[in-house]
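Here are my notes for your review. Please read them alongside the coordinates.

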Amino acid sequence: MKQKVFIVLLAIITLTLIGCNSKAPKLYDCSGTVTMNGQPLEGANVAFVNLDLPAPNTAITDASGVFKMQSYEGSFDVTIVKLEGKASKEDPYAPTTNLLPEKYSNLKTSGLKATVTKNPEENKFQFDIQ
């Protein structure tokens, strides 16, 4: 009986130590500005997408067109949309309309890229859409 308890305790300690030493990918601060025809674009949804990661990193631009987010290090395709219309309790399936050219909402056609590095000075991006 004592031997079983010892083995269970040893297994718990070993798994705890392995878990504490595992390195989760680090997130880095990113920021940028989105403009449309040179003017700040408020309320735009910016997504950094890397299909090797489980989910995109996203942010919404403020009145100055500025967005802030955290992202993993790596190369990303970027999409930008600005949606009009909103689902609510009364109408959960309310339609939305993208107010920007459709090409910016598609990974294959947006043409927008971002590379996030460990250096915070390099994680500042400017996207001017037409």
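Is K124 buried or exposed? K124 is exposed, with a relative accessible area of 51%. The cut-off for exposed is over 50%. Keep in mind that this is a predicted model. The points below start with the overall make-up and then turn to particular residues.

1. Overall make-up. The protein has one helix and 10 strands. The helix comes at the N-terminal end of the order, and the strands follow: α-β-β-β-β-β-β-β-β-β-β. The chain has 130 residues, of which 29% count as buried. Its accessible surface comes to about 9,200 Å². Carbon and sulfur atoms hold 58% of that surface.

2. Contacts along the sequence. Take the contacts between residues at least 6 apart in sequence. Of these, 62% join residues at least 24 apart.

3. The four-stranded sheet. An open sheet is formed by four strands, in the order β4-β3-β6-β9. The pairing is antiparallel. β4 and β9 are the edge strands, and each pairs on one side only. On average, neighbouring strands in this sheet are turned by 30° against each other, direction ignored.

4. The β6 and β9 pair. Five bridges join β6 and β9 in the antiparallel sense. One residue pair to look at is G74 and V116: V116, in β9, is the bridge partner of G74.

5. A salt bridge across strands. How many salt bridges does a search of the whole structure find? It finds two. One of them joins the side chains of D77 and K113, at 2.4 Å from N to O. D77 lies in strand β6 (residues 74-81) and K113 in strand β9 (residues 112-116), so the salt bridge ties together parts that are 36 residues apart in sequence. D77 is partly exposed, at 23% relative accessible area. K113 counts as exposed, at 55% relative accessibility.

6. The other salt bridge. E121 pairs with K124 in a salt bridge. Their closest N and O atoms are 3.4 Å apart. E121 is exposed, with a relative accessible area of 58%. K124 is exposed too, at 51%. As background, side chains of opposite charge can pair when their charged atoms come close.

7. Strand β10. K124 also belongs to strand β10 (residues 124-129), where the side chains alternate. Which of them are buried? F125, F127 and I129 are buried and point to one face. K124, Q126 and D128 point to the other face and are not buried.

8. The parallel pair. Strand β1 (residues 27-36) pairs with β10 in the parallel sense. Six bridges join β1 and β10. T35 stands opposite D128 in β10. In general, strands of a sheet pair through backbone hydrogen bonds, either parallel or antiparallel.

9. A loop residue. Where does N50 lie? N50 is in the loop between β3 (45-49) and β4 (57-60). Its side chain reaches the backbone nitrogen of D52 at 2.8 Å. Setting aside neighbours within four places in sequence, N50 is in contact with S75 and F76.

Technical notes:
Residues numbered from 1 in each chain as written. Predicted model: local features only at pLDDT ≥ 70, side-chain atom pairs only at ≥ 80, totals over all residues. Heavy atoms only, no water. Helix = DSSP H or I, 4+ residues; strand = E, 2+ residues; numbered from the N terminus. Polar contact = N/O pair within 3.5 Å; in protein donor to acceptor, adjacent residues only side chain to side chain. Contact = heavy atoms within 4.5 Å. Buried < 20%, exposed > 50% of the residue type's maximum accessible area, 1.4 Å probe, protein only. Areas by Shrake-Rupley, 256 points an atom, 1.4 Å probe, with all protein chains shown as cover. Salt bridge = Lys/Arg side-chain N within 4 Å of Asp/Glu carboxyl O. Pairing = 2+ DSSP bridges. Axes fitted to C-alpha atoms, helices over the stretch in contact; angles between N-to-C directions.
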